[in-house]
Amino acid sequence: MSTFAKRERLLLADLLETAGPEAPTLCEGWQTRDLAAHVVVRERRPDAAGGILIKQLASRLDKVMEEFAAKPYEELIQLIRTGPPRFSPFQLKQLDEASNTIEFYVHTEDVRRARPDWTPRALDPVFQDALWSRLERTARLTGRGAPTGLVLRRPDGRTAVANRGTPVVTATGEPSELLLFLYGRRSAAEVELDGEKEAIARLHGGKQLGI
């Protein structure tokens with residue numbers, strides 16, 4: 001049975017293949033080759049992937065990333081398509097869904113929305129609900145760096161608190177757009193911000209959100 005993570009994985013691989021190795025992405029400083037190398041290292045080199053979150057391991061991550069980015073681009077795409085090694089924990093369906101649904105959705109949009117003619121994808125309600133469920137669980141972690149209070153609101157009125165504090169800014173949009181906003185893709189996320197002008201300016205001018 002197909003899962004959201006598997007669907008987004010294959011879509012990401014197709015987009016990377018079509019774009020070629022030197023296309024821009026929303027990840028600052030990264031072209032598509034760098035993004036592809038990141039995805040592969042994250043799944044296949046846990047000894048280095050820890051550097052994504054742990055500063056002390058960042059130099060090792062950079063070194064391994066360079067090694068993978070130097071591989072033939074077609075090889076990187078194939079490694080993304082085929083997924084993690086046989087004995088990887090990511091082979092477990094539940095862990096794959098929990099860890100990779102957001103990862104692959106965000107990186108898919110990193111490729112799509114770096115193009116000047118991009119348009120939002122039409123996502124089905126079931127997938128939007130799945131993204132919202134994950135967003136509710138991770139909002140406090142990804143929103144902790146916001147310089148203001150931050151509330152996420154769906155068009156139907158459901159909310160999640162990303163950061164407690166005052167003044168409060170409310171970001172309204174579909175879960176897919178709120179997710180991109182909260183993961184640092186503010187310029188490309190289609191959300192409406194409500195609150196004091198000064199607070200909105202602080203939110204725009206503050207450090208990027210995300211892990």
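# Asking how we know

Visitor: How much of the chain is made up of buried residues?

Guide: Buried residues make up 49% of the 211 residues in the chain. Bear in mind that this is a predicted model. To be called buried, a residue has to come in under 20% relative accessible area.

Visitor: What makes Ala-36 buried or exposed?

Guide: Put its value against that cut-off. Ala-36 has 0% relative accessibility, and buried means under 20%, so Ala-36 counts as buried. You'll find Ala-36 in helix H2, which covers residues 32-44.

Visitor: Which residues does Ala-36 touch, leaving aside neighbours within four places in sequence?

Guide: Its contacts are Leu-16, Tyr-73, Leu-76 and Ile-80. As for Leu-79, its C-alpha is 9.2 Å from that of Ala-36, and 43 residues separate the two in sequence.

Visitor: And Thr-170: why does it count as buried?

Guide: Thr-170 has 16% relative accessibility, which is under 20%, so it counts as buried. This residue lies in strand S3. Setting aside neighbours within four places in sequence, Thr-170 is in contact with Val-151, Arg-153, Glu-192, Leu-193 and Asp-194.

Visitor: Why is Leu-10 called partly exposed?

Guide: Partly exposed is the range between under 20% and over 50%. Leu-10 comes in at 35%, so it counts as partly exposed. Leu-10 belongs to helix H1, residues 4-19. Its C-alpha is 13 Å from that of Leu-76, with the two residues 66 apart along the chain.

Visitor: How do you know that the chain agrees with a compact globule?

Guide: Compare two radii of gyration. A compact globule with 211 residues would have one near 17 Å, and the chain has 17 Å, so the two agree. If you'd like a box around the C-alpha atoms, take roughly 50 × 40 × 35 Å along the principal axes.

Visitor: Which elements is the chain built from, and in what order?

Guide: There are 9 helices and 4 strands. Starting at the N terminus, the order is α-α-α-α-α-α-α-β-β-β-α-β-α.

Visitor: What makes a group of residues a nonpolar core?

Guide: The members are buried residues of certain kinds, such as Leu, Phe and Tyr, joined through side-chain atoms within 4.5 Å. The largest nonpolar core here has 30 residues, and those with the most contacts inside it are Tyr-105, Leu-150, Leu-152, Leu-179, Phe-181, Leu-182 and Leu-193. Elements giving two or more residues to this core include helix H6 (93-112), strand S1 (149-153) and helix H8 (175-182). Helix H7 gives the most to this core, with 6 residues.

Visitor: Which residues does Leu-179 touch, not counting those up to four places away in sequence?

Guide: Leu-179 touches Ile-102, Tyr-105, Val-106, Leu-131 and Leu-135. Apart from the largest core lies another, of 23 residues, and Cys-27, Val-39, Val-64 and Phe-68 are among them.

Visitor: What kind of peptide bond joins Thr-166 and Pro-167?

Guide: A cis peptide bond, with omega at about -5°. Pro-167 sits in the loop between S2 and S3.

Visitor: How far apart are the mean positions of the positive and negative charges?

Guide: They are 5 Å apart, for 31 positive and 30 negative charges.

Visitor: Which share of the accessible surface belongs to carbon and sulfur atoms?

Guide: That share is 53%, out of about 11000 Å² for the chain.

Terms used:
Residues are numbered from 1 along each chain as its sequence is written. This is a predicted model: local features need pLDDT of at least 70, side-chain atom pairs count only at pLDDT 80 or more; totals for chains, interfaces and linings use all residues. Side-chain values use heavy atoms; hydrogens and water are left out. The radius of gyration is taken over C-alpha atoms; the globule rule is 2.2 Å times the number of residues to the power 0.38. Buried means under 20% relative accessible area, exposed over 50%, partly exposed in between (1.4 Å probe, protein chains only). Accessible areas come from the Shrake-Rupley method with a 1.4 Å probe; for residues, only the protein chains shown count as cover. Lys and Arg count as positive and Asp and Glu as negative; His and the chain ends are not counted. The place of a charge is taken as NZ of Lys, CZ of Arg, CG of Asp or CD of Glu. Contact means heavy atoms within 4.5 Å.
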